[in-house]
Structures are given as structure tokens and as C-alpha cells.
Amino acid sequence: MEEPTDLIRSARFRKEREDDWMRLEALVTKAEGQGLRRMSFGEARDLAALYREATTSLAIAREISLDKGLLRYLEALTARAYLSVYAPQESARGIVARFMRKSGPVAMRKSWFFVLLGFLSMGLGGLAGYLLYLDDPAWFYVLMPGELAGGRNPEATTSYLRSVIYDDDPSASGLGAFATFLFSHNTRIAIFVFGLGVFLCAPAILLTFYNGLIIGVFVALHVDRGLGWDLFGWLSIHGVTELSAICIACGGGIQLGAAVLFPGQNTRAEALRIAGRDAAKLAIIAALMLVAAALIEGFGRQLIQDRNARLIIGWTIGGLWLMWFVRGGRAQS
Amino acid sequence: MRLRRNTKAPAPDPNVLLPPEGVPLHLSVAGMGARFGAQITDILITVIGAIALVVLLAVMNLTSPQTLWAISALLFFIIRIPYYVLTELAWNGQTIGKRMLKIKVVSRDGLSLSAHALVVRNLMKEAEIFLPGTLLLTLDTASPVASLIALGWIVGTIMVPLLNKRRQRLGDMIAGTYVIDLPTPILLKDLAQSVPKPVKDKFVFLSHQLDHYGALELQTLEDLLRAQENRPSMQTNARNKATLDSVIEKIRNKISYAEKVEPADSVAFLRAFYNAQRAHLEQKQLFGERRQDKFHADQTTKD
């Protein structure tokens with residue numbers, strides 16, 4: 001084909017490369033539609049090669065061309081190609097496997113201090129609630145939200161309290177609904193606690209502390225009636241998992257808040273980004289534990305009525321979690 | 001504590017992203033409107049998904065009506081987070097809503113999006129969008145303190161993206177991502193390519209005549225000419241004719257072009273001038289002299 005010789009330099013530049021750009025555009029559209037994984041080897045290779053070529057074209061065009069239409073086109077094309085070439089290459093399954101096998105427990109161990117703070121907030125809250133109740137049972141009404149108590153208060157009879165813990169006829173009581181409600185309540189608390197951590201640490205710690213207070217007065221009420229061990233069993237079967245999840249979420253929240261409060265040498269946004277790597281993993285672990293707790297709660301608590309069985313199951317599962325955190329992701333020796 | 005860190009280098013342009021190849025790309029940060037729209041679309045999709053599942057459960061008679069309510073709340077929550085993470089992973093930073101509104105999540109460092117970043121930004125969405133949203137629905141005048149705190153939080157989360165240049169949510173900051181408008185590549189015809197031979201000979205511009213204008217004027221002229229191309233009906237429009245005439249008149253005065261331009265030739269004249277001007281400017285540019293606009297002469301003497 002005879003090339004027109006009267007073209008100015010930038011028009012010649014364009015004419016020489018136009019076909020490649022068109023091909024790249026078609027490949028990018030294809031990659032965006034069906035993903036890189038489903039493209040043939042040749043296409044994927046061409047996409048990468050043509051992308052680099054287009055990048056060079058753009059750099060040259062910025063220097064030599066004053067054609068605004070061309071510059072805009074190249075900008076957009078290169079950007080689209082860049083986004084297709086640098087797409088995440090991982091599969092969902094690979095990510096889950098890696099998280100379970102390694103990155104989850106490793107993050108847990110790395111931020112043990114924050115998790116400890118989370119557990120401390122709840123533990124101290126529990127202790128405070130317990131002591132407050134011993135001081136004056138009226139604290140129960142102050143601290144316990146009405147809908148959570150479900151009629152269990154200092155005026156209830158001991159036999160009523162016992163009947164709630166050992167449910168004789170699970171299907172009729174709607175306890176399943178209550179348990180699910182409690183789950184969504186705790187899930188919300190966990191998210192709250194994590195999210196609030198960013199807004200400096202105090203809200204996360206306070207909320208966890210308050211959650212501890214509730215449990216404290218609740219336990220004190222039952223201990224007062226001589227139902228301490230029975231409640232312990234009732235709480236253990238799913239509470240070991242569920243309350244730990246809240247504490248871990250709180251730990252993640254504190255970690256974020258600490259990054260904002262004490263950014264060190266980095267900017268606050270930078271510090272937040274670094275802390276987020278582990279904190280997010282803590283949140284995912286907490287979410288996993290909450291889902292597990294919901295399953296245990298949905299079935300176990302109604303089906304298993306024996307105190308010792310409840311204790312054993314609850315703490316065994318707790319031990320398994322702990323083992324995952326301590327052993328997971330260490331190099332096999 | 002220092003409130004401002006003045007030692008930092010001036011903040012980079014938020015619309016520029018630097019890929020590993022080292023050629024900066026202009027990707028404009030998405031507006032709040034588009035993001036809000038995408039968010040609404042996605043919420044609708046997940047809610048409809050959850051409702052469909054609940055209806056399925058109800059039809060199959062698997063649960064009692066009491067538990068159904070709790071289960072639906074749970075389902076919405078369980079569907080939601082994986083939906084965002086998995087769609088953004090599969091479509092490289094786009095959910096269905098984002099696809100519809102042509103916006104996309106990109107990584108700030110120019111590398112590809114990591115699974116971690118996607119998980120983080122969507123986990124934080126719970127605390128930043130869904131909780132304030134639920135709080136807004138449950139604002140209770142009976143407890144003014146709680147309502148005030150809730151309102152404060154809602155305002156706070158809305159303010160965060162408005163206060164930074166890249167419109168990042170907190171989740172975006174932690175994940176190191178931001179949301180851009182997806183550019184659409186449209187290759188327009190090169191104006192300089194299609195000049196018929198007779199026209200080229202008809203209008204001849206001398207080098208000193210082309211020294212007056214810079215890139216800005218050239219590209220403004222380009223826009224004008226492209227408008228003529230895209231809508232041929234304009235050429236018969238009286239107002240358009242007047243505009244062209246006045247533009248030609250201005251150019252003729254500026255460059256002291258003696259010959260009269262016939263009304264029928266006005267577009268041809270402008271194209272010929274565009275061509276010559278572009279060739280001239282690009283030639284200058286090659287030798288290291290960039291001419292921004294018609295005031296370039298003053299600029300070069302000042303520097």
C-alpha cells in the first residue's frame with residue numbers, strides 16, 4: 001500500500017500504530033468481559049505485549065503530538081489495558097485456603113497484644129459487673145437491656161431461671177428464634193466494636209467493657225441463686241466461641257485505633273493501612289467464629305441439656321480454636 | 001504535636017496513577033453520585049437475593065414464622081459481605097452496581113488489587129455504610145443522647161470521603177484503594193490526515209504566520225472542527241456560519257493573512273490552517289520548545 005507522504009509527523013506516527021491499538025482495544029474488551037483466565041495463551045500474551053506498546057505510544061504521543069482526540073484515546077485505552085493486565089490473578093478458593101492455612105493464625109499471633117487487650121476489656125467488665133451486683137442487685141436493671149434479659153431478673157424465681165437454662169421442650173419455646181436474635185445481636189456488637197476501633201480506641205474498649213458488664217451481672221444473678229455451674233455450662237457451649245470472637249474483633253478495632261492515635265513515623269493514613277493488614281484478618285476470624293457459634297447455638301444448646309456435656313463441647317471447641325491460632329501456619333518441623 | 005506537616009512534598013495530583021511501567025495515567029476519581037448509585041444498586045441486588053432465599057425457605061416450610069425474621073436478618077448479612085468481595089475479585093474491582101455505573105476500584109500503588117484490599121474495604125463498609133444506614137432508620141427521639149451520637153457518627157462517615165482528594169472511605173484508606181471513573185477509548189479521525197491535495201495548495205501559510213498561536217488555541221480549533229464533522233447539519237446553520245466567519249476573521253487579523261476567504265471555503269480554510277499550525281507546533285516541540293498558548297512569547301522572555 002502506498003503511504004501518503006504529505007502527512008505530518010504525528011499523523012504518520014498514528015497511522016503506523018493504529019492497527020495495533022485497535023487490536024488491543026478488542027482484546028481489552030474481551031478481557032473485561034470474560035476475564036484473563038478464559039483467554040487463550042496467544043491472546044493473553046498479545047494483550048500484555050500490546051499494552052506495553054501502547055504505554056510507549058502514549059509516552060511518545062505526549063511528547064510529539066498535539067492532537068487532543070488522539071491523546072485522549074490513548075490515555076483511555078492504556079488505562080483500560082492497564083486495568084486488565086494488572087487484574088487479581090488469585091482464585092477465591094486459593095485465597096480461602098491460604099487464609100485458613102497460614103495468614104489467619106499468623107495475623108492472630110502477630111497482634112496477640114491487641115487481642116489480649118480485647119479479652120482484658122471484657123474480663124474487667126465482667127468482674128466489675130459481678131462486683132456491682134454483689135454490692136446491690138438493683139444494678140442489674142441499670143446494666144441489662146430489657147430485651148436481652150427475657151424475664152430473667154433478680155425477681156425471677158430460681159426454678160424459672162433453671163427452666164431457661166435447661167430447656168425441656170425446645171421446639172415449643174421459640175428459643176431457636178431467641179438464640180438467633182442473640183446471635184445477630186452479638187454479630188452487630190462485634191462489627192460495631194471493630195468499626196468503632198477506627199474512631200480511636202475508646203469506643204471499642206467501652207463497648208466490649210459494657211458487654212462484659214452485662215455478662216458479669218448475669219452471672220452474678222445466677223451464682224446468687226446457686227446456679228453458677230449450670231449457667232457456666234449454658235454459656236460455655238457457644239459462649240467460649242462467641243465471646244472470644246467479640247474480644248478478637250475488639251482487638252482488631254483497638255489495633256486500628258492505635259494506628260490512628262500513635263502513627264509513629266508514618267502518616268496517619270499510612271499507619272492505618274499497615275495496621276489494617278492484620279486487623280482485617282482478626283475481623284474475619286471473629287466473623288468465622290461468630291458463624292460457628294451460631295451453628296453451635298442453633299443446634300447444640302437446645303439438643304444438649306446435660307451440664308457436663310455442654311462444658312466439654314464448649315471448651316473443646318475453644319481449645320481447637322486456640323490450637324489453630326497457636327499452631328496454624330508454622331513451618332512443619 | 002504538629003497539626004500540619006510542612007516538610008512533606010506537595011501532594012500529587014489525585015487523578016494520576018503511576019503503573020509499574022512508569023508512564024503516568026490520568027484516571028479521574030469517581031464522583032460521590034456514581035458511587036452512591038452503585039451502592040444502592042448493589043444493596044438492592046443483595047436484598048432481593050436474601051428475600052428470594054427467605055421466600056424459598058418459607059415456601060418449603062422449613063422454618064416457623066418466628067425464626068424466619070431472625071433468619072432473614074442473618075441471611076442479608078451473610079450474603080452481603082461475600083457478594084462484594086467475590087464480585088470485586090472476579091471483575092477486577094467492580095460489583096454489578098459499579099459495572100452499571102462504569103466505575104472501578106483501583107489500587108493506589110498502581111499494582112493489581114489484592115484480595116486483602118478487597119476484603120478490607122468491604123468489611124469496613126459494614127461499619128461505614130450499613131451501620132450508619134441502619135442507625136439512620138432507627139433514630140429515636142426518645143433517647144436524645146443515643147440519637148446524637150448516632151447522628152454524629154453518620155455525619156462523620158459521610159464527611160471522610162468528602163474531605164480527601166481521592167474521595168476515599170476509611171475502608172479505602174486502610175486497603176490503599178480508591179474508586180475511579182472507567183475511561184472509554186474512542187478513536188476519532190485524525191484531522192490532519194484527510195486533507196485533499198487541492199486544498200493544501202490553495203491555502204499556504206508561512207512560518208512567521210504560524211508563530212502566533214500555541215497548543216491551547218490549536219486544540220480549541222480542533223474541538224470546533226470536530227464539532228463540524230460530527231454534525232454536518234451545522235454547516236448550513238446560520239449561527240454556525242457566523243461563528244466560523246468570526247473565527248476566520250480573528251485568525252486572518254492575527255496572522256495578517258491578506259487573501260479573502262470565500263464563505264464556501266471556510267471549513268476548508270480552517271482545516272488547512274489547523275494542519276499547518278499543528279505541523280509547525282509539533283516541529284517546534286520536537287526541538288524542545290513547547291508553546292502553551294498565544295502568550296508563549298511573554299512566558300519565554302520572563303523565564
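A:F113 sits in helix α5 of chain A, which spans residues 112-135. The model is predicted. At 44% relative accessibility, A:F113 is partly exposed, because that class lies between the buried limit of 20% and the exposed limit of 50%. A:F113 also helps to form a nonpolar surface patch.

**The patch**
- The nonpolar patch covers about 830 Å².
- Its members are A:W112, A:F113, A:L116, A:L120, A:L124, A:L127, A:L131 and A:L134.

**Chain A overall**
- Chain A holds 14 helices and 0 strands.
- Of its 333 residues, 50% count as buried.
- Among contacts in chain A with a separation of 6 or more, 77% join residues 24 or more positions apart.
- Chain A exposes about 15,600 Å², and carbon and sulfur atoms supply 63% of that area.

**Interface of chain B and chain A**
- Chain B brings 71 residues to the contact, and chain A brings 69 residues.
- The two chains bury about 6,200 Å² between them, with 67% of it on carbon and sulfur atoms.
- The size of an interface is often given as the accessible area lost when the parts come together.

**Polar links across the interface**
- There are 5 salt bridges between chain B and chain A.
- In a salt bridge, the side chains of B:E21 and A:R52 meet at 3.2 Å, N to O.
- The interface has 17 residue pairs in polar contact, both residues at pLDDT 80 or more.
- Elements of chain B that give two or more residues to the side touching chain A include β2 (25-26), α2 (65-90), α4 (115-137) and α10 (266-286).
- The largest share of that side, 9 residues, comes from α4(B).

Conventions
Residues numbered from 1 in each chain as written. Chains lettered and ligands numbered in written order. Predicted model: local features only at pLDDT ≥ 70, side-chain atom pairs only at ≥ 80, totals over all residues. Heavy atoms only, no water. Patch = residues over 30% accessible without salt bridge, like charges linked within 9 Å, V, L, I, M, F, W, Y side chains within 5 Å. Areas by Shrake-Rupley, 256 points an atom, 1.4 Å probe, with all protein chains shown as cover. Salt bridge = Lys/Arg side-chain N within 4 Å of Asp/Glu carboxyl O. Helix = DSSP H or I, 4+ residues; strand = E, 2+ residues; numbered from the N terminus. Buried < 20%, exposed > 50% of the residue type's maximum accessible area, 1.4 Å probe, protein only. Contact = heavy atoms within 4.5 Å. Buried area = accessible area lost by both parts, 1.4 Å probe. Polar contact = N/O pair within 3.5 Å; in protein donor to acceptor, adjacent residues only side chain to side chain.
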